[in-house]
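Reader: Please show the structure, then take some questions on its salt bridges and surface.

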Amino acid sequence: MNNILTKNTIIRLILIWLVVFLFMFFGKSIEGMYSNDYAAIGIFLLVLLTIIVAAFGVVKEADELAHKLGEPYGTLILTLSIVSIEVILIAAMMFGPEENPTIGKDSIFSVMMIIMNLVLGLCILLGGIKHGEQEYNAQGTLTYLSMIIMLGGISMMLPNYITGQGNGEFTAIQASIISGLIIVLYALFLYFQVKGYKHLYVQPAPGNMEILYKDRNKATGMDEHEEGPISVKEIVFRTLLLLAMILPIVLLSHNLAVLVDHGIKAMSLPPLLGGVLIAIIVFTPESMTAVKAAMNNEFQRAINLCHGAFVSTVGLTVPAVLIIGLIANKTVRFGLTSTETILFVITLILSMLSFSGKRTAPIVGIMHLVLFVVFVMLIFNP
């Protein structure tokens, strides 16, 4: 088990659990320090860094389990691990000291801007500079974009154009039906992705932009689980490690929510920053992996990580947040503002054109990055 419980893993576990125990035993005393701005900033950075380190650990262990178990279990574990972190943090903000009905929408919209503009923009630009035009599986990429339009549209654009509860809110019946439809659609998408249509998400042979259905069994580059027999002991041990990384995030999420609410209120910052923070925490590990994949000329892997991450975010987080709102009787608003709607539509149109079956070009990456800068500007200067 030395190859599993490495020195870095042990250090990571000790550090994050040290912070957890610190808040468990001295939580009241620490909260009393929030009135001092400098102390509050220091405590916030400590909690934030701890949660990010734990998130990296979760992704690492989930990725190892994904390779060991193969599909579809590997994809499910990796996806559920990442999205569970997001749901935990959103729920903590929903139940925080301040009423925060838009935190779910803010988080998902921020994920979209970061993943589909900042990260993919960097992938296209840096990959293009290093390798020139890069190829990907055009048909599979279009299925991702179709899912993003479908799920994003009915969850975040539709609420502003129906009667509903008003103010971008679904009624209880609408929330229940839409949650069910999103879960079913995402489950079917995942089923086809990991079963009969896996070839749509595999890097094609050089010079091609697709893998035909009749050639699906001959496709190369598929992510298979590691060769050799699966060790049940190793699977159990890695699962326990995964839980040991997720639990500190659960235990510290309330403290982070309190600190974020306190900071936003004290410094008169835009409320959207809470959602941006959650997006950064959750998707930083995957974002770094995606950029590395593009730099290694594995552009389809970068697309799978980025587009797949956002599809999973909408497909699982939206129903989770709506269901939490229904059970806890919390107000949940998913309707985008007029500014967000314009950015949402521009991002979708630009993405459809960027991945319309042609090879990548660095200038397109710059366009995505400019749109992300516009998003950041509008947060602070609407």
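**Salt bridges and a nonpolar patch**

The largest share of the nonpolar patch, five residues, comes from H1. This is a predicted model, in which local features need pLDDT of at least 70, side-chain atom pairs count only at pLDDT 80 or more, and totals for chains, interfaces and linings use all residues. Residues are numbered from 1 along each chain as its sequence is written, and side-chain values use heavy atoms, with hydrogens and water left out.

Reader: Which residue of helix H2 forms a salt bridge with Arg-238?

Author: A salt bridge is a side-chain nitrogen of Lys or Arg within 4 Å of a carboxyl oxygen of Asp or Glu. The closest N and O atoms of the pair are 3.1 Å apart. Arg-238 sits in helix H7 and its partner in helix H2 (residues 37–69), 177 residues away; helices are DSSP runs (H or I) of at least four residues, numbered from the N terminus. The partner is Glu-61.

Reader: Is Arg-238 buried or exposed?

Author: Buried means under 20% relative accessible area, exposed over 50%, and partly exposed in between (1.4 Å probe, protein chains only). The relative accessibility of Arg-238 is 4%, so Arg-238 counts as buried.

Reader: How many residues apart in sequence are the parts tied together by Glu-135 and Arg-359?

Author: The side chains of Glu-135 and Arg-359 meet in a salt bridge, 3.1 Å from N to O. Glu-135 lies in the loop between helices H4 (103–131) and H5 (138–157), and Arg-359 in the loop between H10 (338–354) and H11 (362–380), so the parts tied together are separated in sequence by 224 residues.

Conventions. Helix = DSSP H or I, 4+ residues; strand = E, 2+ residues; numbered from the N terminus.
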